[in-house]
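Here's a quick briefing on the voids, the greasy surface and the charge pairing in this one. Have the structure open as you read.

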Amino acid sequence: MRLRAQDLLSIMNAISGYSAMVLAHLELWNLSVLMLMAAALFDGADGIVARRSEQSELGPHLDSLADLVSFGVAPAAMAFFIHSEPYLLVLCTLYMLCGMLRLARYNISPAEWTHFEGLPITASGLILGVSLLLDSSIFTSGLMILLSALMVSTLPYPKLRDPRVVPVCLMAGAAALFALHLSGVKASAIVILISMAFYLMMPVVRICTPRGR
């Protein structure tokens with residue numbers, strides 16, 4: 001079996017997601033969320049490498065499987081481990097299933113589409129993972145219902161492949177680090193969640209503008 005660079009990055013994505021679950025089970029919450037962020041970085045990197053290198057037969061399948069582990073199963077398991085509320089088992093299962101359906105639909109969507117149909121599972125998993133640092137089971141419950149609905153919705157979300165997105169992400173990261181230094185983990189999590197809320201709202205912006213898709 002020949003693995004290309006993008007395949008190895010997808011494997012690193014899955015390893016990071018699996019590690020996040022294990023660390024959450026060991027009650028190492030902050031480190032667990034950090035591993036989920038690492039999974040998101042590997043997921044972004046495998047896409048960039050895949051678009052700039054020779055096609056891999058395994059690539060699309062590995063990418064989807066890794067995404068299911070890291071952004072479907074891992075955040076749901078982390079939420080259950082962190083809050084330990086029995087009723088969350090239902091919401092965690094719902095979230096995981098909606099993520100799986102989102103990935104299955106993505107795999108059969110036309111490659112020429114310039115947008116995603118429904119909230120991408122990577123963004124969803126990252127938002128849920130970071131929100132766990134706020135340590136509120138009520139907030140987590142509401143957020144899981146919202147994210148589950150958005151993933152299986154038909155709302156158009158843009159693909160963030162524009163290089164102009166990079167400085168925006170760097171600014172958000174710098175703000176999160178500053179908040180971490182100044183006020184701690186929860187403040188940093190709030191900054192990240194506010195930054196990602198803009199992406200959640202993008203379908204509303206698209207609907208309100210004449211350009212549409």
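Before you dig in, keep in mind that this is a predicted model. There's 1 cavity of 30 Å³ or more in the structure, and 1 salt bridge. Arg105 and Glu117 form that bridge, and both residues also turn up in the lining of the largest cavity. Away from there, you'll want to look at a nonpolar surface patch of about 570 Å² and a pocket with a volume of about 200 Å³.

**The cavity**
- The largest cavity comes in at about 60 Å³.
- Its lining is made up of Arg102, Arg105, Tyr106, Ser109, Pro110, Trp113, His115, Phe116, Glu117 and Lys159.
- By type, that lining splits into 4 nonpolar, 2 polar and 4 charged residues.
- Two elements, helix H4 (88–107) and strand S1 (115–117), each put at least two residues into the lining.

**The salt bridge**
- Side chains of opposite charge can pair when their charged atoms come close.
- Here the pair is Arg105 with Glu117, and their closest N and O atoms sit 3.7 Å apart.
- Arg105 belongs to helix H4 and Glu117 to strand S1, so the bridge ties together parts that are 12 residues apart in sequence.
- Arg105 has a relative accessible area of 22%, so it counts as partly exposed, the range for that label starting at 20%.

**The second largest pocket**
- This pocket has a volume of about 200 Å³.
- It is lined by 14 residues, and the ones nearest its centre are Ile127, Leu143, Leu146, Ala197 and Leu200.
- What's the chemistry of the lining: nonpolar, polar or charged? The split is 14 nonpolar, no polar and no charged residues.
- Helix H6 (137–151), helix H8 (185–200) and helix H9 (202–208) each supply at least two of the lining residues.

**The nonpolar surface patch**
- Tyr18, Val22, Leu26, Leu28, Leu31 and Leu34 make up a nonpolar patch of about 570 Å² on the surface.
- Helix H1 (5–25) and helix H2 (29–52) are the elements that give two or more residues to this patch.
- Tyr18, one of the patch residues, is found in helix H1.
- Is Tyr18 buried or exposed? Its relative accessibility is 53%, so Tyr18 counts as exposed, the cut-off being over 50%.

Note on methods
Residues are numbered from 1 along each chain as its sequence is written. This is a predicted model: local features need pLDDT of at least 70, side-chain atom pairs count only at pLDDT 80 or more; totals for chains, interfaces and linings use all residues. Side-chain values use heavy atoms; hydrogens and water are left out. On a 1 Å grid over the protein atoms alone, a cavity is a set of points where a 1.4 Å probe fits but cannot get out, and a pocket is an open set with protein on both sides within 12 Å along at least five of seven lines; lining residues have an atom within 4 Å of a point. Grid points are joined across faces, edges and corners, and a volume is the space filled by probe spheres set on the points. Helices (H or I, at least four residues) and strands (E, at least two) are DSSP runs, numbered from the N terminus. Ala, Val, Leu, Ile, Met, Phe, Trp, Tyr, Cys and Pro count as nonpolar, Asp, Glu, Lys and Arg as charged, and the others, Gly among them, as polar. Patches are made of residues with over 30% relative accessible area and no salt bridge: like charges are joined within 9 Å, nonpolar side chains (Val, Leu, Ile, Met, Phe, Trp, Tyr) within 5 Å. Accessible areas come from the Shrake-Rupley method with a 1.4 Å probe; for residues, only the protein chains shown count as cover. A salt bridge is a side-chain nitrogen of Lys or Arg within 4 Å of a carboxyl oxygen of Asp or Glu. Buried means under 20% relative accessible area, exposed over 50%, partly exposed in between (1.4 Å probe, protein chains only).
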